[in-house]
Each structure stands twice: as structure tokens, then as C-alpha cells.
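Dear colleague,

I am passing on the structure below, together with some notes on what was found in it. Please read them with the structure open beside you.

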Amino acid sequence: MGEMGDISRICQSCQAGGPTVRERGRGRRIGVLCGTCWDIYANRRALEEGATAPARADPGPDDVDPYEPPACRHCGALVGHYPTTYDRWVHLALGDLPARDVAPGHRWRLETVPGRHTRVPVGIVAVRVRGIEPLPGDLVRPAHRAVCLSWDAAREAEG
Ligand SMILES: [Zn+2]
Ligand SMILES: [Zn+2]
């Protein structure tokens with residue numbers, strides 16, 4: 001019954017039905033969208049928020065290998081690599097900073113994702129801080145590019 005019920009859903013954006021229409025959002029419910037509308041939404045938001053890091057495959061529940069954080073290809077510093085609620089990925093600094101030291105567009109926070117059937121958190125998502133301005137001393141997690149020592153130089157070189 002569950003599978004059949006999904007087929008009758010329609011995309012909230014284009015109002016079409018189809019096999020790709022499903023509930024979207026990682027950790028947070030964003031909406032019921034078809035694959036095409038979801039990609040448009042997620043790509044636009046990724047560009048706006050700077051969540052343009054390559055995706056990392058989800059480790060399976062049996063994957064116990066310690067995860068090595070990737071390094072920034074511009075400055076070589078280790079970065080945190082996190083999924084967003086819209087399934088695009090972002091490189092964040094490994095530690096928090098007071099909000100006054102981070103430009104508004106680069107402030108993120110990490111939220112744990114509760115499991116569907118358990119209270120045990122199943123993952124972490126990165127959420128861009130928006131809306132209410134944090135107090136100057138509130139800790140936020142900067143996007144790596146905001147603290148990268150060579151981001152601007154690298155971007156100029158790339159044109
Ligand atoms: Zn659609
Ligand atoms: Zn860097």
C-alpha cells in the first residue's frame with residue numbers, strides 16, 4: 001500500500017505526478033517534489049548558499065571505517081564536509097567562531113538528524129543561519145571559504 005500511495009502524489013511545484021515525486025529534504029521536510037523540480041530547487045539554493053562541495057556517498061550502517069576529513073584544495077587545511085537539508089554538500093570550518101567574526105552569508109550551524117523510529121541521531125546536516133541575526137558572541141560554524149587563507153586568490157586565478 002505504501003508504494004502505491006506514492007504514485008498518486010503530485011509535485012507541489014509543477015503539479016505533475018510520477019515515480020520521482022516524493023518527500024524531499026534531509027533531516028527536515030522541505031516538500032513533495034518531482035526529481036526535476038527538486039534538482040532546480042536544490043541547485044539554486046546551493047549556489048545561493050555556497051553549498052557546492054562534491055557529494056560524499058552515504059556510509060552504510062555497517063560502515064565503521066573512521067572518516068577522514070577532506071582537505072581544501074586551495075589552502076590545504078582540513079575541512080568539515082557536511083550535507084545540507086537539500087542534499088547538496090558544503091565545506092565548513094572544523095570549529096565554531098563568534099558570529100561577529102563571520103560574514104553573514106557564511107554562517108552555518110550543525111543540526112543532528114533524529115532517526116525516524118528512534119531517538120538516536122542518525123546524522124548531521126549543515127543549516128545556513130538566516131532570518132534572526134545571531135548575537136555577536138553566539139557561536140556559528142563558518143563556511144570554510146570564509147576562513148580559507150587562499151580562497152580569493154584561487155578564485156581570481158580561476159577567473
Ligand atoms: Zn515537479
Ligand atoms: Zn581553504
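In what follows, contact means that heavy atoms lie within 4.5 Å. By that criterion, and leaving aside its neighbours within four places in sequence, V90 is in contact with G50, A51, A53, G80, H81, Y82, T84, W108 and A126. Please keep in mind that this is a predicted model.

Several of these partners belong to strand β3, which covers residues 80-83. From this strand G80 and Y82 point one way, while H81 and P83 point the other way, and all of them are buried. Strand β4, residues 89-92, runs antiparallel to β3 and is joined to it by 4 bridges; in one of these pairings, L92 of β4 is the bridge partner of G80. The hairpin formed by β3 and β4 has 5 residues between the strands, and in this hairpin D87 takes a positive phi near 65°.

V90 also appears in the largest nonpolar core, which has 17 residues and in which the residues with the most contacts are C11, A51, Y86, V90, L92, W108 and A126. At least two residues of this core come from each of β2 (31-33), α2 (35-49) and β4, and the largest share, 4 residues, is supplied by α2. Because domain 1 (2-49) and domain 2 (80-158) both give residues to this core, it lies between them.

With best regards

Key:
Residues are numbered from 1 along each chain as its sequence is written. Chains are lettered from A and ligands numbered from 1 in the order in which they are written. This is a predicted model: local features need pLDDT of at least 70, side-chain atom pairs count only at pLDDT 80 or more; totals for chains, interfaces and linings use all residues. Side-chain values use heavy atoms; hydrogens and water are left out. Buried means under 20% relative accessible area, exposed over 50%, partly exposed in between (1.4 Å probe, protein chains only). Two strands pair if DSSP finds at least two bridges between them. A nonpolar core is a set of buried Ala, Val, Leu, Ile, Met, Phe, Trp, Tyr and Cys residues joined through side-chain atoms within 4.5 Å. Domain bounds come from an automatic or database domain assignment.
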